[in-house]
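Here is a walk through one protein model, taken a helix at a time. Keep the structure in view while reading.

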Amino acid sequence: MINMQEEYSKEHIEARAIAIRHIGISTYSSGKIYNYLINKGVSESIAHDVVEELIKRDYINDYRASRIILLQRNGYHQESKCYLYNRLLQGGVNEAIADSYINELDDDTITIKSLFEAQYNRLDDASRNDREFLIKTFMSLAKRRGYSNSLSSQALKTYLDKIWLMKKNFFTEFFFCFI
């Protein structure tokens, strides 16, 4: 239980009020609030103490902030774990919490498949049938999202083989219906 009667300096109380007003009903990481306080002219030691207090009181929760930061990063916007980890750190999430959160995510070998699936679904029929276009598009997309070339190549080969096999089976079944 947090001691509500603890004595704080006037600067600490003012800094806490600034932080709470800024947080409002939103979710911010500890690093973002710390930087906000510093930018408002609060000393580093007071900013650190206020952030620690607000974490204890659950006004600041880096795990919640991580979820919000990464909420949009699936499907077509999927990124590698390395990119997601850096995104969390840039978002002001504590390094230990970012490590923990990233370790809970699916492996890159799984997430790259969802990236390819989402990209494939966005393409028109002509593009879907152009194997060279697919290879170039998918490899470029995977590189921009932080996946290694070796993983991208292997995942793409598996994915394209699956697509072509499905198409082949569809046409075979379709033509056998008329025989």
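In this predicted model, the buried residues of helix α3 are Ile-46, Ala-47, Val-50, Val-51, Glu-53 and Leu-54. Around the axis they cover an arc of only 160 degrees, which puts them on the same side of α3. An α-helix has 3.6 residues a turn, so residues three or four places apart point the same way. On the other side of α3, Glu-44 and Lys-56 are exposed.

The length of α3 can be checked against its residue count. Helix α3 has 13 residues, 44–56, and at 1.5 Å a residue they should span 18 Å. The expected span counts one less than the number of residues. The C-alpha atoms at the two ends are 18 Å apart, which agrees with that expectation.

What do the buried residues of α3 pack against? They pack against α1, residues 10–23, and α2, residues 30–39. The pairing with α2 can be described further. The axes of α2 and α3 come within 9 Å and cross at roughly 145 degrees, and the crossing is right-handed. On the α2 side, the residues that meet α3 are Ser-30, Ile-33, Tyr-34, Leu-37 and Ile-38. Their partners in α3 are Glu-44, Ala-47, His-48, Val-50, Val-51 and Ile-55. Among these partners, Ala-47, Val-50 and Val-51 belong to the buried set of α3, while Glu-44 is exposed.

After α3 comes Asp-58, which sits in the loop between α3 and α4. Asp-58 has a positive phi of about 70 degrees although it is not a glycine. Is Asp-58 buried, partly exposed or exposed? Its relative accessible area is 41%, so Asp-58 is partly exposed; the partly exposed class runs between 20% and 50%.

Beyond that loop, helix α4 (residues 62–70) takes part in two crossings described here, one with α5 and one with α6. Take α5 to begin with. The axes of α4 and α5, the latter spanning residues 81–90, come within 10 Å and cross at roughly 125 degrees. The two helices are therefore oblique to each other, and their crossing is right-handed. Ser-66, Ile-69 and Leu-70 of α4 make the contact with Leu-84, Arg-87 and Leu-88 of α5.

Now turn to α6, residues 95–104. Its axis and that of α4 come within 10 Å and cross at roughly 50 degrees. That angle makes α4 oblique to α6. This crossing, too, is right-handed. From α4, the contact involves Asp-62, Tyr-63, Ser-66, Arg-67 and Leu-70. From α6, the contact involves Ile-97, Ser-100, Tyr-101 and Glu-104. Ser-66 and Leu-70 of α4 appear in the contact with α5 and again in the contact with α6.

Helix α6 can be read in the way α3 was. Which residues of α6 are buried? They are Ala-98, Tyr-101 and Ile-102. Seen down the axis of α6, these residues fall within an arc of 100 degrees, so they line one face of the helix. Ala-96, Asn-103 and Glu-104 are exposed on the other side of α6. The elements covering the buried residues of α6 include α4 and α5.

Two residues further along the chain serve as single examples. Ser-127 lies in helix α8, residues 125–128. With a relative accessible area of 16%, Ser-127 is buried, since buried means under 20%. Leaving aside residues up to four places away in sequence, Ser-127 touches Phe-133 and Leu-134.

The other example, Ala-155, is in helix α10, residues 149–176. Ala-155 is buried, and its relative accessible area is 7%. Not counting residues up to four places away in sequence, Ala-155 touches Ile-112 and Phe-116. Met-139 is 16 residues from Ala-155 along the chain, and their C-alpha atoms are separated by 9.9 Å.

Last, the protein as a whole. Its secondary structure comes to ten helices and zero strands. Of the 179 residues in the protein, 34% are buried. Among contacts with a separation of 6 or more, 64% are between residues 24 or more positions apart.

Key: Residues are numbered from 1 along each chain as its sequence is written. This is a predicted model: local features need pLDDT of at least 70, side-chain atom pairs count only at pLDDT 80 or more; totals for chains, interfaces and linings use all residues. Side-chain values use heavy atoms; hydrogens and water are left out. Helices (H or I, at least four residues) and strands (E, at least two) are DSSP runs, numbered from the N terminus. Buried means under 20% relative accessible area, exposed over 50%, partly exposed in between (1.4 Å probe, protein chains only). The arc is that of the directions from the helix axis to the C-beta atoms. Contact means heavy atoms within 4.5 Å. Axes are lines fitted to C-alpha atoms, for helices over the stretch in contact, and angles run from 0 to 180 degrees between N-to-C directions. Angles under 35 degrees count as roughly parallel, over 145 as roughly antiparallel, 65 to 115 as roughly perpendicular and the rest as oblique. A crossing is left-handed if the near helix is turned anticlockwise from the far one by less than a right angle, and right-handed if clockwise.
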